[in-house]
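Please open the model in your viewer and keep the selection tool handy. We will go from one stop to the next, and at each one I will tell you what to pick and what to look for.

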Amino acid sequence: MLTVHSFCFNAFQENTYLLYNEHKETIIIDPGCYLAEEQKALSDYIESHQLTPTLLLNTHCHLDHVFGNNFVSEKYGLTAHFHQNEQPVIDRLPEGGARWGVPCEPYKGAE
């Protein structure tokens, strides 16, 4: 059985999803957690439900959907998966953030 849990994050009110199975393996979809308290809400839920993140998935790379990519990549050792045509969008993340007045770091991937 699959379970879906959603969060509403950042000023754009973006939906982030955790999709997990009975083995407690979870996919993190569109982590829009921008603020530290949003990152904590995501990680607290994962920890309290004893989930193991196995995949970071971006449905697309608009900045509100990828704000939390670096956090998830660093915390769980995951690299974001997204369509290859989204690469130019994620590459311009800092520029897009500046336009909207929400500074953000370039996506670095898992290290």
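This predicted model holds 3 salt bridges, so let us visit each of them in turn. 

**Stop 1: the salt bridges**

Select Lys 40 and Asp 44. Their side chains form a salt bridge, with the closest N and O atoms 2.5 Å apart. Both residues belong to helix α1, and because they are 4 residues apart there, about one helical turn separates them. Switch on a surface and you will find Asp 44 partly exposed, at 33% relative accessible area. Lys 40 is also partly exposed, with a value of 48%.

Next, pick Glu 95 and Arg 99 in helix α5, again a pair 4 residues apart, about one turn of the helix. Their side chains meet in a salt bridge of 2.8 Å from N to O. Is Arg 99 exposed or buried? Arg 99 counts as exposed, at 66% relative accessibility, while Glu 95 is partly exposed at 39%.

For the remaining bridge, select Glu 74 and Lys 108, whose closest N and O atoms lie 3.3 Å apart. This pair links distant parts of the chain: Glu 74 sits in helix α3 and Lys 108 in the segment after α5 (93-100), 34 residues away. Glu 74 is exposed at 53% relative accessibility, and Lys 108 is partly exposed at 45%.

**Stop 2: the sheet**

Now switch to a cartoon view and colour the strands. You should see an open sheet of 5 strands in the order β1-β2-β3-β4-β5, with mixed pairing. Which strands stand at the edges? They are β1 and β5 (80-81); each has a single partner strand, so one side of each has no neighbour in the sheet.

Zoom in on β2 and β3 (residues 25-29), which run antiparallel and are joined by 4 bridges. Here Tyr 17 stands opposite Ile 29 in β3.

Add helix α1 to the selection. This helix packs on the sheet, where it touches β1, β2, β3 and β4 (52-57), and its direction makes about 165 degrees with that of β1. Then add α3, which also packs on the sheet, touching β3, β4 and β5, with its direction at about 145 degrees to that of β4.

**Stop 3: the nonpolar core**

Show side chains for Leu 18, Ile 28, Leu 42, Leu 56 and Val 72. Among the 24 residues of the largest nonpolar core, these touch the most other members. Two or more residues of this core come from each of β1 (3-9), β2 (14-20), α1 (36-48), α2 (63-66) and α3 (69-76). In soluble globular proteins, nonpolar side chains tend to be buried together.

Centre the view on Leu 18 and ask which residues are in contact with it, leaving aside neighbours within four places in sequence. The list includes Val 4, Phe 7, Ile 28, Leu 42, Tyr 45, Ile 46 and Leu 51.

**Stop 4: the whole chain**

Finally, zoom out and follow the chain from the N terminus: its elements run β-β-β-α-β-α-α-β-α-α, giving 5 helices and 5 strands. The C-alpha atoms fill a box of roughly 40 × 30 × 25 Å along the principal axes. For 111 residues, a compact globule would have a radius of gyration near 13 Å, and the chain agrees, with 13 Å. Colour by accessibility and 42% of the 111 residues count as buried. Of the contacts with a separation of 6 or more, 59% are between residues 24 or more positions apart.

Methods:
Residues are numbered from 1 along each chain as its sequence is written. This is a predicted model: local features need pLDDT of at least 70, side-chain atom pairs count only at pLDDT 80 or more; totals for chains, interfaces and linings use all residues. Side-chain values use heavy atoms; hydrogens and water are left out. A nonpolar core is a set of buried Ala, Val, Leu, Ile, Met, Phe, Trp, Tyr and Cys residues joined through side-chain atoms within 4.5 Å. Buried means under 20% relative accessible area, exposed over 50%, partly exposed in between (1.4 Å probe, protein chains only). Contact means heavy atoms within 4.5 Å. A salt bridge is a side-chain nitrogen of Lys or Arg within 4 Å of a carboxyl oxygen of Asp or Glu. Two strands pair if DSSP finds at least two bridges between them. Axes are lines fitted to C-alpha atoms, for helices over the stretch in contact, and angles run from 0 to 180 degrees between N-to-C directions. The radius of gyration is taken over C-alpha atoms; the globule rule is 2.2 Å times the number of residues to the power 0.38.
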